[in-house]
Amino acid sequence: MLIHRFNPNDHFRTMDMLFDAIMPNGRRATNFVRKPARLTLADEEQAFILRAELPGLDPEALELSVGDDWIELTAKRETAVPEGYTALRRERGAYELQRRINLPKRIDQGAVEAQLRDGVLRVSLPKHASVQPRQITIKAA
Amino acid sequence: MSTQTSPQSTPASKTVVHPLVDVLESDSEFLLVADLPGVNKDALGITVNGGQLELEAETETLDYRRSFALGDDVDLDAVEAKLEFGVLEVHLPKRAEAQVRKVPIKG
């Protein structure tokens, strides 16, 4: 999915976006900017996979807690201009998020695994045995 | 300075996005900081070519691309880059003659 901060008063940008929408992927003149701290949740057969783009996040500044059917995520990043530098352009924002995500099914809390690599958090939330699909054997009558 | 030609064979399914950057300046250098979540060191390419700095990085689903015009005062041979926690830092030192120097005044 593409996310771009839409500004209704920026007509040139709007035109660019309209043209981009009809062009094939590789030929686009303008590029889209991704919103920071993007979250996705995938529902796989065995587990839910939560993925969050958290560039520059210190693992210390990340907190995760899980319940029977929810996960809570707290993360904070600050961006400061280092001493002796002046900013010519600043696009990278600080972010602070506290999100609670309700899961549609019960999970096995003990088997939750999280990994923060290259600024991407990936949490695997295995579904509880009681909600796993079960094969039913059919007796011949 | 490297002048490698970048491979143009990008699968059409990948979305090309601009990474968000900060550009900072000190007396001795320019510092480019880019957010590149999910980018591994091996999937990152930085090319300096004809006064342009080109940034190319790939993740499983995205293609990050952006180029920057460099001033004449950047010492192209001394450019250094570091990638950590999905954040790229490119240090672009200024040439010695472009650096601000305090001239001592004899009394």
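**R77(A) stands opposite Y95(A) of strand β7 in chain A.** This is a predicted model, in which local features need pLDDT of at least 70 and side-chain atom pairs count only at pLDDT 80 or more, while totals for chains, interfaces and linings use all residues; side-chain values use heavy atoms, with hydrogens and water left out. Residues are numbered from 1 along each chain as its sequence is written, and chains are lettered from A and ligands numbered from 1 in the order in which they are written. The pair sits between β5 (residues 70–77) and β7 of chain A, which run antiparallel over 8 bridges. Strands here are DSSP runs of E with at least two residues, numbered from the N terminus, and two of them pair if DSSP finds at least two bridges between them.

**The open sheet β4-β5-β7 of chain A holds 3 strands in antiparallel pairing.** β4 (62–66) and β7 (95–102) of chain A are the edges; each has a single partner strand, so one side of each is left without a neighbour in the sheet. On average, neighbouring strands of this sheet are turned by 5 degrees against each other, direction ignored (axes are lines fitted to C-alpha atoms, and angles run from 0 to 180 degrees between N-to-C directions). Look for the hairpin too: 3 residues link β4(A) to β5(A). These two strands are antiparallel and share 5 bridges, and within them L62(A) stands opposite A75(A) of β5(A).

**A salt bridge joins R100(A) and E72(A), with N and O 3.4 Å apart.** Its members come from distant parts of the chain, R100(A) from strand β7 and E72(A) from strand β5 of chain A, 28 residues apart. The rule asks for a side-chain nitrogen of Lys or Arg within 4 Å of a carboxyl oxygen of Asp or Glu. Applied to the whole structure, the search gives 13 salt bridges over all chains.

**Another open sheet of chain A has 4 strands in the order β2-β3-β9-β8, with antiparallel pairing.** β2 (39–43) and β8 (113–117) of chain A are its edge strands, each pairing on one side only. From one strand to the next the twist averages 15 degrees. Inside the sheet, β3 (residues 47–53) and β9 (residues 120–126) of chain A are antiparallel partners over 7 bridges. Follow that ladder and you will meet E53(A), whose bridge partner in β9(A) is V120(A).

**In chain B, β8 (residues 87–93) runs antiparallel to β3 (residues 29–35) over 7 bridges.** Which residue of β8(B) stands opposite V33(B)? It is E89(B). E89(B) is also the bridge partner of K82(B). K82(B) belongs to the pairing of β7 (residues 80–84) of chain B with β8(B), antiparallel over 5 bridges. The hairpin of β7(B) and β8(B) has 2 residues between the strands, and F85(B) takes a positive phi near 50 degrees there. As a reminder for this view, strands of a sheet pair through backbone hydrogen bonds, either parallel or antiparallel.

**Strands also pair across the chains: β6(A) and β2 (residues 21–25) of chain B run antiparallel, joined by 4 bridges.** Keep an eye on R90(A), which stands opposite D22(B) of β2(B).

**Chain A and chain B meet through 26 residues of chain A and 33 residues of chain B.** Contact means heavy atoms within 4.5 Å. About 2700 Å² is buried between the two chains, 55% of it on carbon and sulfur atoms; in chain A, Y85(A), R92(A) and D118(A) lose the most area to chain B, together 25% of what that side buries. Buried area is the accessible area (1.4 Å probe) that two parts lose on being put together, summed over both.

**Salt bridges and polar contacts cross the interface of chain A and chain B.** The rule finds 5 salt bridges there. One of them links R66(B) to E91(A), with the closest N and O atoms 2.9 Å apart. There are also 12 residue pairs in polar contact, both residues at pLDDT 80 or more. A polar contact is a pair of N or O atoms within 3.5 Å; within protein, one must be able to donate a hydrogen and the other to accept it, and residues adjacent in sequence count only if both atoms are side-chain atoms.
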